[in-house]
Amino acid sequence: MVDPQAQAAALLIAAPAIPPLGYGVLWLVADDTEANPPLPPVDWVLDNGYLRVSLDEATGDIASLIDLRSHTEVLSGPGNQLQAFADQGQYWDAWNLDPDYRHHPLPEFQLERLTWLEYGPCRQTIRVVRRFRQSTFVQDYSLDAEAALVVIRSQVDWQEDQVLVKAAFPCTLNAAQATYEIPFGAIDRPTVPQTPRDQARWEVPALGWADLSQGDRGLSIITDYKHGFDARPDQLRLTLLKSPLWPDPQADRGAHQFTYALYPHSQSWQAANTVQLARNLSLPLRPWLVKGQPPSSTSAPHHSAASFFNLGDNSFVITALKPSEDYPQRFILRGYESRGESCSLMVQSTLPLSYQGEVNLLEELASDPPAQILAGDQPVEVRVKPWQVVSLSLAL
């Protein structure tokens, strides 16, 4: 069931696991059988067997989020509640949040409509349209098949001055610290300020995610373009918009598109693979549609899936694959260990490359070991320390 004002028709496919840094081939074949699409339920509930998301039909907030794997209620209050505050900055309007902005709340967002966009075997999506003064928030709550996170895709027409907007997620946790992704790592900060220095950190920057964890469960907020957070022991909030007047009187005004996701998990954020899910959200699979005929059983062998680089099942995150600065026939593969744990890279590639060794940030080899071919059956093992940034030299 599709909102006629929503978007052009799209084909959704439940893709199998794709090899790392590689591809998979899926054949789309016409089916002549007629099938009646399932009708969405009369209530506003998303359920994929992993999570059950119930929306408040009066506000558009998440009224309940149940992790069906542990039968646990994740939220202690309205989730994704859009909160607006008057904010004129402290010293520089565009770069500071006023330390007492919490004491200047503005009227609540008003719900305009709820609409089912998708209800099928691949995805369920409910569209929520809310209004604040002269501005409009359109948010699509989506649950993909066999996915354990709620994705919220947002389109905003923002026309306000000096208004700060946050999305609040109160949760059934009591976490002593919050964890935030930083470049090439993560950092913990207390959720209850203990010192004047802590009290001065009422807004925290993060790259792709922030997390509250307590014991054997937690909640991660994953984001693609929004990077400001604040935390309490039982709440995470994500900053969505800030509309200053200085130095640019039109900053933030106009159209915005951004996505964030709510990821309840068991165990720690490391064991729950929060880093990997954040990368998947920001760097999704890219489809490439070509015309052709499916191979017959008598045709020549073909590769339905392949990996150009495989580093093994570990916590290493690739951040760059680039030509060497000094040697045209060499490439630099760079990344970092993302969980604070030691790991081993088992480097293999289907490309005609050989492993030269580790290099420093000037791309200098520490020694001159014999090259090892990566396309063979035996992978090259490279040991990586916790949080270590590693650069490897590869040659044609």
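**Notes on a predicted model: sheet, cysteines and surface**

1. A good place to start is the hairpin that joins strand 17 to strand 18 through two residues. Please keep in mind while reading that this is a predicted model. The two strands run antiparallel and are joined by five bridges. One of the pairs to look at is Arg-232, whose bridge partner in strand 18 is Gln-235.

2. Now to the sheet around that hairpin. Its strand order is 6-11-18-17-14, making an open sheet of five strands with antiparallel pairing. Strand 6 (81–86) and strand 14 (204–205) stand at the edges with a single partner strand each, so one side of each has no neighbour in the sheet. As general background, strands of a sheet pair through backbone hydrogen bonds, in either a parallel or an antiparallel way.

3. Moving along the order, strand 18 (residues 235–242) also pairs with strand 11 (residues 163–170), in the antiparallel sense and over seven bridges. If you would like a residue pair to click on here, Leu-164 stands opposite Lys-242 of strand 18.

4. What joins strand 14 to strand 17? Two bridges do, and strand 14 runs antiparallel to strand 17 (residues 228–232). Pro-205 has Gly-228 as its bridge partner in strand 17.

5. A word on the cysteines. How many disulfides does the model have? The count comes to zero, with a pair of cysteine sulfur atoms within 2.5 Å being what would qualify. Cys-171 counts as buried because its relative accessibility is 2%, and buried means under 20%. Cys-343 counts as buried too, with a relative accessibility of 7%.

6. Ser-64 deserves a look of its own. This residue is found in strand 4 (residues 62–67). Is Ser-64 buried or exposed? Its relative accessibility is 15%, so Ser-64 counts as buried. The side chain of Ser-64 makes a polar contact of 2.5 Å with the side chain of Glu-73.

7. Finally, the surface. Which residues make the nonpolar patch of about 550 Å²? They are Leu-11, Ile-13, Leu-26, Leu-28 and Leu-289. Leu-11 lies in the segment before strand 1 (22–24). With 63% relative accessibility, Leu-11 counts as exposed, because exposed means over 50%.

Definitions and conventions: Residues numbered from 1 in each chain as written. Predicted model: local features only at pLDDT ≥ 70, side-chain atom pairs only at ≥ 80, totals over all residues. Heavy atoms only, no water. Patch = residues over 30% accessible without salt bridge, like charges linked within 9 Å, V, L, I, M, F, W, Y side chains within 5 Å. Areas by Shrake-Rupley, 256 points an atom, 1.4 Å probe, with all protein chains shown as cover. Salt bridge = Lys/Arg side-chain N within 4 Å of Asp/Glu carboxyl O. Helix = DSSP H or I, 4+ residues; strand = E, 2+ residues; numbered from the N terminus. Buried < 20%, exposed > 50% of the residue type's maximum accessible area, 1.4 Å probe, protein only. Pairing = 2+ DSSP bridges. Polar contact = N/O pair within 3.5 Å; in protein donor to acceptor, adjacent residues only side chain to side chain.
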